[in-house]
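Biologist: Could you bring up the model, so we can go through it together?

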Amino acid sequence: MDLTVRQMDAEEFQRQRQEVLGQWQTGKDVFFEEAVAYQKSLPKSKIFAEKLAEGKEKGITYAQPRAGVALISEHIELLRFLQDEGGADFLPSTIDSYTRQNRYTEAQAGIEESAMIGRSMLNGFPAVNHGVAACRQVVESVQVPVQVRHGTPDARLLAEITIAGGFTDYEGGGISYNIPYSKDVSIESTIKYWQYVDRLIGLYEEQGVKINREPFGPLTGTLVPPAISHAVAVIEGILAVAQGVRSLTLGYGQCGNLIQDVAALHTLPVLAEEYLAKLGLPKVMITTVFHQWMGGFPQDEAKAFGVISWGAVTAALGKASKVIVKTPHEALGIPTKEANAAGIRTTKQILTMLKDQSLPMTPELALEEDMILAETRAILDRVLELGEGDAAVGTVRAFQAGVIDVPFAPSRYNAGKILPARDTTGAVRLLDFGNIPFDETIKEFHRERIAQRGRDEDRDPSFQMVIDDIYAIGKGMLVGRPR
Ligand SMILES: CCC[C@H]1O[C@@H](n2cnc3c(N)ncnc32)[C@H](O)[C@@H]1O
């Protein structure tokens, strides 16, 4: 395994770059020096890292939707609507599934079909096919910073084109865009692909261009315990900073118990700073992003707004830097622009009302924070041990050993031995620990909390609880109580 956490050398980067820019004809329009000049020509109001820094300074929680459609003019109309009617503080360009799989020929067909039929036949914006000039048209058509949101294991060409195209933030990572998104792509290969992405951003940073990186916190978005998503987020932060990234937004997907989620938001930046320092990596700007509930949603729009509001409350009380907004069409499919804007307005109403409040430090909150810190450190320390200090090598070995194990992940590289379930307050605990390196104290904490639920529900803790929890929110509950 020639994998290493160390910064990619210039020769290797340039060797890959020739191959990457040749993967689709639009790669020929990427010229690094010209792109640096374009990025530097952008006003400060369009630089993601600048606006995040301002928000961190002022204690603002920003709201950002997901959005993307096939054709350039419709995509611009959509983003403008979300900015003007929704009040979006940041805008996305959610990339379509073909592009995420590097299937640019099918993306091209989707573009042509969309133009013919008059509606988007792709589930996102095919940025590679549209190319650099089109991305710049999008960026120049709105007033706020624009981020690439996707789920791409090999995201190298997409990064080259969208960053040259003026996007100032790039979501994803070699673990978080593999394990939940792929069945049969090795972790070593996607870590390497993403080291290229992060090295490219490092080269922009060395030219004075700030590009923020946002590892994808929620992973499978289904009952992922905080310690597991934190471990992945911190590792992706380490891998990125090692390649020259200097601005990170670390993510976490809402689980639903307020105390646990606020504890997760408090501990994530603490852990990132602790392990970056432990590895002798430079200090970088760290912000957080909270994803509103990523699991199944109620079909009823009023109930969906309830779920959206609960996520907004948690983001506000947890002082997240940014919250990713869901829409009342979540249970139906790609939202209309009106539904998308409504989700943002609902969220911003709550953020504004709650901006002067926070959750007091109670013994319960302190205990949850201590548990998340202890659990995440147990995982990260074992990863570094397995890698003999190298986080990249350690990550591959940790997945092989089940030391990192993401619930309900499709990837065959994921052990899939752990089993999460909610406790009687809705906090996510582990019913089965697989090979996660938790000590007996931690395991007993989980067992006791779940045993209490069993007593409350007059049933033995079992896989049935997990199934009930997966459907619970769609049915209007949080904890999947028996009938
Ligand atoms: C991991 C992200 C899943 C979420 O990402 C939303 N999502 C996907 N594609 C689009 C799109 N093109 N426009 C608006 N939202 C979109 C889904 O609804 C889901 O909530």
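What follows is a short chat about the ligand and one ring pair.

Modeller: Quick heads-up: this is a predicted model, where local features need pLDDT of at least 70, side-chain atom pairs count only at pLDDT 80 or more, and totals for chains, interfaces and linings use all residues. Residues are numbered from 1 along each chain as its sequence is written, and side-chain values use heavy atoms, with hydrogens and water left out.

Biologist: Which side chain has an N or O atom 2.6 Å from an oxygen atom of the ligand?

Modeller: We look for polar contacts, meaning pairs of N or O atoms within 3.5 Å. Backbone atoms of glycine 68 and asparagine 123 each lie 3.0 Å from a ligand nitrogen. The side chain you're after, at 2.6 Å from a ligand oxygen, belongs to glutamate 330.

Biologist: What angle lies between the planes of phenylalanine 48 and phenylalanine 90?

Modeller: Aromatic rings of Phe, Tyr and Trp (its six-membered ring) pair if their centres lie within 6.5 Å, and planes under 30 degrees apart count as stacked, over 60 as edge-to-face and the rest as tilted. The structure holds 12 such pairs. Phenylalanine 48 and phenylalanine 90 are stacked, with centres 4.0 Å apart and an angle between the planes of 10°.

Note on methods:
A polar contact is a pair of N or O atoms within 3.5 Å; within protein, one must be able to donate a hydrogen and the other to accept it, and residues adjacent in sequence count only if both atoms are side-chain atoms.
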